[in-house]
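Me: I've got a chain on the screen and I'd like to talk its fold through with you. Let's take it piece by piece.

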Amino acid sequence: MSATADHAEERTNPAARLGFQPEQVVQEIGYDDDVDQELREAIEEFIGSELVDEDYDDVADAVVLWFRDEDGDLTDVLVDATTYIEEGGSILLLTPKTGRTGYVEPSDISEAATTAGLSASKSVSVGKDWSGSRLVTPKAARPKR
């Protein structure tokens with residue numbers, strides 16, 4: 001595929017825009033009947049397999065985390081999610097948009113991510129009801145030579 005086609009796919013495919021890669025193992029946490037099914041399907045199509053659920057017992061490359069204000073303590077949920085992914089892996093934190101039931105304040109997301117040892121790399125609109133924050137785990141310190 002050409003570089004031009006790659007860039008076109010990034011603009012049109014939300015999974016590519018969100019940083020997912022083909023053949024990644026992506027674990028989904030917080031699934032409920034209010035999630036954005038189109039986004040889920042786009043991710044599955046792009047990675048070439050189904051999302052694995054919370055019972056997956058191996059390490060994933062990335063996590064899709066649906067979180068609503070009433071789902072508990074965001075910091076705890078993020079800390080738990082980091083145990084499921086590879087060093088340097090990412091968590092796509094999806095929260096309801098402003099005015100929707102379960103909305104989470106951006107300052108709460110930032111504080112929880114920092115406390116959980118994650119870095120926010122970008123926020124993005126991912127549908128009419130959900131906003132996404134891409135959070136990354138720190139990479140292990142490389143040994144000095």
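Reply: One definition to start: buried means under 20% relative accessible area, exposed means over 50%, and partly exposed is in between, with a 1.4 Å probe and protein chains only. This is a predicted model, where local features need pLDDT of at least 70, side-chain atom pairs count only at pLDDT 80 or more, and totals for chains, interfaces and linings use all residues. Residues are numbered from 1 along each chain as its sequence is written, and side-chain values use heavy atoms, leaving out hydrogens and water.

Me: OK, so is tryptophan 130 buried or exposed?

Reply: Tryptophan 130 sits in strand E5; helices (H or I, at least four residues) and strands (E, at least two) are DSSP runs, numbered from the N terminus. Its neighbours include Trp66, Phe67, Leu94 and Pro96, leaving aside residues up to four places away in sequence; contact here means heavy atoms within 4.5 Å. Its relative accessibility is 3%, so tryptophan 130 counts as buried.

Me: What pattern does the chain follow along the sequence?

Reply: There are five helices and five strands to place in the chain. Reading along the sequence, the pattern is α-α-β-α-β-α-β-α-β-β.

Me: And what is the order of the strands in the open sheet?

Reply: Strands pair if DSSP finds at least two bridges between them. The sheet is open, has five strands and shows mixed pairing, in the order E1-E2-E3-E5-E4.

Me: Which strands are the edge strands?

Reply: Going by the order E1-E2-E3-E5-E4, look for strands that pair on one side only. Those are strand E1 (26–29) and strand E4 (119–125).

Me: By how much are neighbouring strands of this sheet turned against each other on average?

Reply: Axes here are lines fitted to C-alpha atoms, for helices over the stretch in contact, and angles run from 0 to 180 degrees between N-to-C directions. Ignoring direction, the average turn between neighbouring strands of this sheet is 20°.

Me: Do E1 and E2 pair in the parallel or the antiparallel sense?

Reply: Strands of a sheet pair through backbone hydrogen bonds, in one sense or the other. Valine 26 lies opposite alanine 62 in E2. Over four bridges, the sense of E1 and E2 is parallel.

Me: Which residue in E5 stands opposite leucine 94?

Reply: Strand E3 (residues 85–96) and strand E5 (residues 130–136) run antiparallel, paired over seven bridges. In E5, the residue facing leucine 94 is glycine 132.

Me: What angle does the direction of helix H3 make with that of E2?

Reply: Helix H3 (residues 37–47) packs on the sheet and touches E1, strand E2 (60–66) and E3. Its direction and that of E2 make an angle of about 175°.

Me: How many of the seven residues of E2 are buried?

Reply: Valine 63 belongs to E2, and with a relative accessible area of 0% it is buried. Valine 63 also touches residues such as Gln27, Ile29 and Ile91, among others. E2 is mostly covered, and of its seven residues the number buried is six.

Me: Back to the helices: why are H4 and H5 oblique to each other?

Reply: Angles under 35 degrees count as roughly parallel, over 145 as roughly antiparallel, 65 to 115 as roughly perpendicular, and the rest as oblique. Helix H4 (residues 74–82) and helix H5 (residues 106–115) have axes 8 Å apart and pack at an angle of about 45°. H4 and H5 are therefore oblique.

Me: How do the residues of the contact of H4 with H5 divide?

Reply: Leu74, Thr75 and Leu78 of H4 meet Asp108, Ile109, Ala112, Ala113 and Thr115 of H5. Ala, Val, Leu, Ile, Met, Phe, Trp, Tyr, Cys and Pro count as nonpolar, Asp, Glu, Lys and Arg as charged, and the others, Gly among them, as polar. The split is five nonpolar, two polar and one charged.

Me: Last one: what is phi of glutamate 23 near?

Reply: Glutamate 23 lies in the loop between helix H2 (14–17) and E1, and its relative accessible area of 72% makes it exposed. Its phi is positive, in a residue other than glycine, and near 70°.
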